[in-house]
Amino acid sequence: MHHHGYTWLGSAHELLKDGPRRPPRPEFRSSKVVPLELANWLLKPASFIQGTWTDPSQAAEWFGAQARDAAAWFVSEHDRDAVGRAVSRVTSGEDLVGGWYLTGRRFLSVCLIACSPHRMRPEIP
C-alpha cells in the first residue's frame, strides 16, 4: 500500500463546475480541480501527483505541512484545529482528505489517496 499526494488551490467557484470534476467528461483529465469522487485522482495524469509515500508517517507529515502552510488563511478557527486530528487516519490505509475555504474566496484541497489497490475503487489502476 502507498499513498499519492495531490493538492488543488483555486477559486471556490470552480468547485461548482460539474464537468471538469467527472471522469467521463473530456475536460476531466486536463483539469487540476479536485474530482467529485476522490479516488478518481488516480485517473488523472501522473504529473498531478505531488508525492508518493509507502511510509504512512511521511505521508501524514506531508499532509500536515500542506495544511499548516495555509492555516493562516483558513476562514474558520475550527478548521485550524482539525488538521492535527485528521493526520492520524492515514496509518490505517485510508484516504486522507482536507478541504478548506480560505480568505479571498479560495478553496484548498489536500488529498492523500491510498493506492494498490484503492479500497473503494479497486478497478482503478
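## A tour from W100 outward

Start by selecting W100, which lies in strand 3. The model on screen is predicted. W100 is buried because its relative accessible area, 6%, falls under the 20% cut-off. Now add V110 to the selection. W100 and V110 are 10 residues apart along the chain, and their C-alpha atoms are separated by 8.8 Å.

**The core around W100**

Keep W100 on display and add F63 and L112. Within the largest nonpolar core, which has 16 residues, F63, W100 and L112 touch the most other members. Next, colour helix 1 (56-70), strand 3 (96-102) and strand 4 (106-115); each of these supplies at least two residues of this core. Which element gives the largest share of the core? Helix 1 does, with 6 residues.

Then select Y6, V34, A39 and L42. They are among the 15 residues of another core, which lies apart from the one just shown.

**The whole chain**

Zoom out and switch to a cartoon view. The chain has 2 helices and 4 strands. Followed along the sequence, these elements give the pattern β-β-α-α-β-β. Of the 125 residues of the chain, 46% count as buried.

Colour the cartoon by pLDDT. The mean for the chain is 86, and 89% of the residues reach 70 or more. Which elements mark the lowest and the highest mean pLDDT? Helix 2 (residues 77-87) has the lowest, at 56, and strand 2 (residues 51-53) has the highest, at 96. Where pLDDT is low, the predicted coordinates should not be read in detail. Keep this in mind when helix 2, with its mean of 56, is in view.

**The largest pocket**

Select E37, L38, A39, R89, G93, E94, D95, A114, H118, R119, M120 and R121, the residues that line the largest pocket. Its volume is about 160 Å³. By class, the lining comprises 6 charged, 4 nonpolar and 2 polar residues. A39, shown earlier as one of the residues of the 15-residue core, is also part of this lining.

**Salt bridges**

How many salt bridges does the structure hold? There are 6. Begin with R121, already selected as a pocket-lining residue, and add E123. The side chains of E123 and R121 meet in a salt bridge, at 3.8 Å from N to O. E123 is exposed, with a relative accessible area of 55%, whereas R121, at 31%, counts as partly exposed. Now bring back E37: salt bridges that share partners join E37, R121 and E123 into one network. Of these, E37 and R121 also line the largest pocket.

Move to K17 and E14. They form a salt bridge in which the closest N and O atoms are 3.1 Å apart. K17 is partly exposed, at 36% relative accessible area, and E14 is partly exposed as well, at 28%.

Finish at R25 and E27. Their salt bridge has its closest N and O atoms 3.8 Å apart. Are these two partners buried, partly exposed or exposed? R25 is partly exposed, with a relative accessible area of 40%, and E27 is partly exposed at 28%.

Terms used: Residues are numbered from 1 along each chain as its sequence is written. This is a predicted model: local features need pLDDT of at least 70, side-chain atom pairs count only at pLDDT 80 or more; totals for chains, interfaces and linings use all residues. Side-chain values use heavy atoms; hydrogens and water are left out. A nonpolar core is a set of buried Ala, Val, Leu, Ile, Met, Phe, Trp, Tyr and Cys residues joined through side-chain atoms within 4.5 Å. Buried means under 20% relative accessible area, exposed over 50%, partly exposed in between (1.4 Å probe, protein chains only). On a 1 Å grid over the protein atoms alone, a cavity is a set of points where a 1.4 Å probe fits but cannot get out, and a pocket is an open set with protein on both sides within 12 Å along at least five of seven lines; lining residues have an atom within 4 Å of a point. Grid points are joined across faces, edges and corners, and a volume is the space filled by probe spheres set on the points. Ala, Val, Leu, Ile, Met, Phe, Trp, Tyr, Cys and Pro count as nonpolar, Asp, Glu, Lys and Arg as charged, and the others, Gly among them, as polar. A salt bridge is a side-chain nitrogen of Lys or Arg within 4 Å of a carboxyl oxygen of Asp or Glu. pLDDT is the predictor's confidence in each residue, from 0 to 100.
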